[in-house]
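Please look through the sequence and the structure shown here before reading the report.

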Amino acid sequence: QVQLVESGGGLVQPGGSLRLSCVASGKFVSINAMGWYRQAPGKQRELVATITYGTRTNYADSVKGRFTCSRDNAKNTVYQQMNNLSPEDPAVYFCNARVIDAVTGTRDYWGQGTQVTVSS
């Protein structure tokens, strides 16, 4: 079993910054891609950013130039630095990890989510 624990959400004013973290723990061989998704009320969950084990990144157009996704493979941790937050960014942000397990093969895991609120 793999657990993903996010932290770093909260309330910030428009134009402000937050940094999200997500740590993966449990028994696995390695973690392939990691990333962040978000879900606003009444909307579907959407991709925000992903990063491969080799640190190749992919971003949603809406966050390019404002968000930076990074990871520390030694710590099984993925980060998301979010700058210049706007009223379009509030949502629950979920961490995702594509884990390679010796028994089950490749499987996606999700964190419990962390709330990001942007308000003046």
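The report below describes a predicted model, beginning with one sheet and ending with a loop residue.

## The sheet and its edges

Four strands form an open sheet in the order β1-β3-β8-β7, and their pairing is antiparallel. The edge positions are taken by β1, covering residues 2-7, and β7, covering residues 67-72, and because each has a single partner strand, one side of each is left without a neighbour in the sheet. On average, and with direction ignored, neighbouring strands of this sheet are turned by 15 degrees against each other.

## Pairing along the order

The edge strand β1 is joined by six bridges to β3, which spans residues 18-26, and the two run antiparallel. Within this pairing, Gln3 has Ser25 of β3 as its bridge partner, while Glu6 stands opposite Cys22 in β3.

Strand β3 also pairs with β8, made up of residues 77-82, again in the antiparallel sense and over six bridges. Here the bridge partner of Leu20 is Gln80 in β8. As a general point, side chains in a regular strand alternate between the two faces of the sheet.

## A residue in the loop after β8

Ser86 is placed in the loop that lies between β8 and β9, the latter being residues 91-101. Is this serine, Ser86, buried or exposed? With a relative accessibility of 16%, Ser86 counts as buried, because the cut-off for that class is under 20% relative accessible area.

When neighbours within four places in sequence are left aside, Ser86 is in contact with Arg66 and Val118.

Conventions:
Residues numbered from 1 in each chain as written. Predicted model: local features only at pLDDT ≥ 70, side-chain atom pairs only at ≥ 80, totals over all residues. Heavy atoms only, no water. Pairing = 2+ DSSP bridges. Axes fitted to C-alpha atoms, helices over the stretch in contact; angles between N-to-C directions. Buried < 20%, exposed > 50% of the residue type's maximum accessible area, 1.4 Å probe, protein only. Contact = heavy atoms within 4.5 Å.
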